[in-house]
Amino acid sequence: MTLPALANNDHAPHIHRAAPSYQQPSTAEKVVIGPATLFRGDCFAVMPDLAPVEAVVTDPPYCIGFRYRSYDDSPSKYDSLMSRLVPELRRLTNDGPCFVWQSPLKADQWHKYFPKGFRIIAACKLMPNLNGKQTCLSWDPVIFWSRGRLRDELRRDWFVSDLQPWDGYQGGNPVPCPRPLDQLTHICQSIRAKNILDPFMGSGTTGVAAVLAGKQFVGIEQDPVYFKYACERIRTAWQSVSRRDANTRSTR
């Protein structure tokens, strides 16, 4: 199936459209919130039944032994995960733009899995002072590939999040290391795609960013606690957008 041509939005206001109808796999729970279609289940069971999407923005497990609530992040899983994931993302996007967070610890293996000519985007973080430790500047690599060019999607290959006033590692978020919202908002607002897939939705940060950017969103998450929290966050974002749009119409 051929994807529709990507339209250059030139930062114009986005028009909300009804989310595409996605077939629900028998093993997945499906929740629709405005322009967002969310599945609770294994992404590799869900993705074969999805309609094509125009872009992927995702932060998959790194297979570095990180302690998740329910997922086994064993280093031995990296080969099987990436060998399955990358071809599926290329198929769903027809080699459209994909943004995939990675750990620098796997840098020596990226060439085995990602398409030739992939680019690295620096998702930089200005960290807060914790336990008296000095503030440092750190960054996460985001692997980008597409049949198009990076400069057609983003104005630059880096972005800095100031996390000094940020409390994302505290509060009610069940995900131990949630991605900063402004990083995802920067990507979702900038790229030309009108619909975005995140097959490792976690606490729903990509979904919130996509909804706030006026994009359609498809999210998949297998952990029930993360899924419930993501639904709540995305519903709140959609309600905020709906109120904003209603206020805009009433003042015209």
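Buried means a relative accessible area under 20%, exposed means over 50%, and partly exposed lies in between (1.4 Å probe, protein chains only). The model shown is predicted, and residues are numbered from 1 along each chain as its sequence is written. Local features need pLDDT of at least 70, side-chain atom pairs count only at pLDDT 80 or more, totals for chains, interfaces and linings use all residues, and side-chain values use heavy atoms, with hydrogens and water left out.

**Figure 1. The whole protein has 6 helices and 9 strands.** Helices (H or I, at least four residues) and strands (E, at least two) are DSSP runs, numbered from the N terminus. Of the 252 residues of the protein, 48% count as buried. A contact is a pair of heavy atoms within 4.5 Å. Among contacts in the protein with a separation of 6 or more, 70% join residues that are 24 or more positions apart.

**Figure 2. The largest nonpolar core contains 34 residues.** A nonpolar core is a set of buried Ala, Val, Leu, Ile, Met, Phe, Trp, Tyr and Cys residues joined through side-chain atoms within 4.5 Å. The residues with the most contacts inside the largest core are Leu 38, Val 57, Phe 99, Trp 101, Ile 191 and Ile 234. Helix 6 (residues 224-250) supplies the largest share of this core, with 6 residues. A second core, separate from the one just described, has 28 residues. Val 46, Leu 50, Phe 114 and Val 218 are among the residues of this second core.

**Figure 3. Helix 4 spans residues 181-190 and is largely enclosed by the rest of the structure.** The reason for this description is that 7 of its 10 residues are buried. The buried residues are Gln 183, Leu 184, Thr 185, His 186, Ile 187, Cys 188 and Ser 190. Several strands are found in their cover, including strand 3, strand 4 (98-101), strand 5, strand 7 (158-162) and strand 8 (195-198). Helix 5 is also part of what covers the buried residues of helix 4.

**Figure 4. Helix 5 is also largely enclosed by the rest of the structure, because 7 of its 8 residues are buried.** In helix 5, the buried residues are Thr 205, Thr 206, Gly 207, Val 208, Ala 209, Ala 210 and Val 211. They pack against strand 2 (36-40), strand 3, strand 8 and strand 9 (216-221). Helix 4 and helix 6 are also packed against the buried residues of helix 5. Just after helix 5, Gly 214 has a positive phi of about 80°.

**Figure 5. Helix 5 (residues 205-212) and helix 6 have axes that come within 9 Å of each other.** Axes are lines fitted to C-alpha atoms, for helices over the stretch in contact, with angles running from 0 to 180 degrees between N-to-C directions. The two axes cross at roughly 10°, which makes helix 5 roughly parallel to helix 6. Angles under 35 degrees count as roughly parallel, over 145 as roughly antiparallel, 65 to 115 as roughly perpendicular and the rest as oblique. On the side of helix 5, the contact is made by Thr 205, Gly 207, Val 208, Val 211 and Leu 212. On the side of helix 6, Arg 233, Ile 234, Ala 237, Trp 238, Val 241 and Arg 244 take part.

**Figure 6. Asp 73 lies in the loop between strand 3 (55-58) and helix 2 (78-93).** With a relative accessibility of 2%, Asp 73 counts as buried. Asp 73 and Tyr 62 are 11 residues apart in sequence, and their C-alpha atoms are 7.1 Å apart in space. Residues up to four places away in sequence aside, Asp 73 touches Pro 61, Tyr 62, Cys 63, Ile 64, Gly 65, Phe 66 and Tyr 68. Cys 63 is in the loop between strand 3 and helix 2 and is buried, at 0% relative accessible area. Its phi is near 60°, a positive value in a residue other than glycine.

**Figure 7. Asp 95 and Gly 96 both lie in the loop between helix 2 and strand 4.** Asp 95 is partly exposed, at 24% relative accessibility, whereas Gly 96 is buried, with a relative accessible area of 1%. Although Asp 95 is not a glycine, it has a positive phi of about 60°. Gly 96 and Ser 146 are separated by 50 residues in sequence, yet their C-alpha atoms are 4.8 Å apart in space. Leaving aside neighbours within four places in sequence, Gly 96 is in contact with Glu 54, Trp 145, Ser 146 and Arg 147.
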